[in-house]
Amino acid sequence: MERMSEHSSTRIEGFYHRFAGLYDLFFDGIFRPGRRRAISNMNVDKECRILEVGAGTGLNFPLYPDGAKTLGVDLSLPMLREAKERIAKNPGLRNVGLGQMNALELGFADDSFDVVYAPYVVSVVPRPRDLVAEMARVCKPGGRIVLVNHFGSQNRIGSWVERKLTPVTHHVGFRLDLPVESILGLPDLVKIEDGRVNVFKLWRLIVFEKRPGYLPAPEPAMGEELETMTAS
Ligand SMILES: C[S@@+](CC[C@H](N)C(=O)[O-])C[C@H]1O[C@@H](n2cnc3c(N)ncnc32)[C@H](O)[C@@H]1O
């Protein structure tokens with residue numbers, strides 16, 4: 001799989017640093033249907049802990065159900081400042097926490113969250129597969145990893161256009177030609193949904209469930225064992 005160089009990774013960070021104040025103007029409405037559908041399909045209740053990686057300016061926060069315990073992390077401080085302002089202006093978002101963190105090295109213990117969500121982030125980071133693996137690590141067994149992202153087109157014309165445009169889109173913080181296969185087939189992840197969202201259905205909503213770990217049958221207590229032996 002082709003990897004984005006560390007150089008382009010720095011360039012992408014630079015883009016979000018510089019244009020944090022303008023992000024909502026361009027990327028709120030156009031990506032909102034995907035955000036809405038991803039969150040409505042999470043089926044979360046107030047007890048669920050949600051981690052949003054690459055939370056940016058917090059455009060997803062008002063879409064969570066009231067009282068959802070959400071933590072948003074992002075690499076870019078200017079994007080997080082916008083998110084902080086959104087939370088301050090909206091009393092309904094008081095359950096949302098924020099932190100600066102690299103999504104490729106999340107500072108949480110294994111199995112910490114019920115849902116780990118990455119909206120429009122997979123094709124922004126230099127190592128997409130490592131991102132999804134890291135999301136899976138911090139997700140509880142039985143929990144969900146939710147991605148909304150544009151992946152490389154399967155048809156020849158579409159993929160030709162994407163390959164031509166990707167050197168340009170690198171400058172505005174993402175790539176268009178990431179093959180979906182690059183994030184599939186990770187151990188412990190079962191794909192439970194793969195749908196199309198947003199304008200011309202060019203983005204995908206992919207949901208994985210983290211396989212619950214193997215639970216050995218409990219050893220019978222000594223008393224139970226004796227009872228069984230007497231009964232037979
Ligand atoms: C396209 S924006 C998506 C923002 C938001 N999720 C949304 O729905 O609009 C991508 C975000 O990912 C963040 N990002 C890029 N690389 C990251 C990394 N390695 N760790 C955490 N966040 C990262 C950027 O700073 C930016 O805020």
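This report describes the fold, the central sheet and the ligand surroundings of one chain.

**Overall fold**

The model is predicted. Seven helices and seven strands make up the secondary structure of the chain. Along the sequence these elements follow the pattern α-α-α-β-β-α-β-β-α-β-α-β-β-α. The chain has 232 residues, of which 34% count as buried. Taking the contacts between residues at least 6 apart in sequence, 69% join residues at least 24 apart.

**The sheet**

Seven strands form an open sheet in the order β3-β2-β1-β4-β5-β7-β6, and the pairing is mixed. Its edge strands are β3, residues 96-100, and β6, residues 189-197, each of which pairs on one side only. From one strand to the next, the twist averages 15 degrees.

Helix α4, which spans residues 77-89, packs on this sheet and touches both β2 (69-74) and β3. The direction of α4 makes about 165 degrees with that of β3.

In the sheet order, β1 stands between β2 and β4. This strand covers residues 49-53 and is mostly covered, with four of its five residues buried. With β2, strand β1 pairs in the parallel sense, and R49 stands opposite K69 of that neighbour. With β4, residues 113-119, strand β1 also runs parallel; here L51 has V116 as its bridge partner.

At the other end of the order, β6 follows β7. Strand β7 comprises residues 203-210 and runs antiparallel to β6. One of the bridge partnerships between the two strands links L189 with K210 in β7.

The pairings described above are set out below with their bridge counts.

| Strand pair | Sense | Bridges |
|---|---|---|
| β1 and β2 | parallel | five bridges |
| β1 and β4 | parallel | three bridges |
| β6 and β7 | antiparallel | eight bridges |

**The ligand surroundings**

How many residues surround the ligand, and which are the closest? The shell holds 22 residues, and the closest are G54, G56, S76, A103 and P119. By character, the shell divides into 15 nonpolar residues, five polar and two charged.

Some of these closest residues can be placed against the elements already described. P119 is one of the closest residues to the ligand, and β4 spans residues 113-119. G54 is also among the closest, while β1 covers residues 49-53. S76 belongs to the closest group as well; β2 spans 69-74 and helix α4 spans residues 77-89.

Technical notes
Residues numbered from 1 in each chain as written. Predicted model: local features only at pLDDT ≥ 70, side-chain atom pairs only at ≥ 80, totals over all residues. Near = placed C-beta within 6 Å. Nonpolar A, V, L, I, M, F, W, Y, C, P; charged D, E, K, R; others polar. Pairing = 2+ DSSP bridges. Axes fitted to C-alpha atoms, helices over the stretch in contact; angles between N-to-C directions. Contact = placed C-beta atoms within 7 Å. Buried ≥ 20, exposed ≤ 12 C-beta atoms within 10 Å, placed from the backbone.
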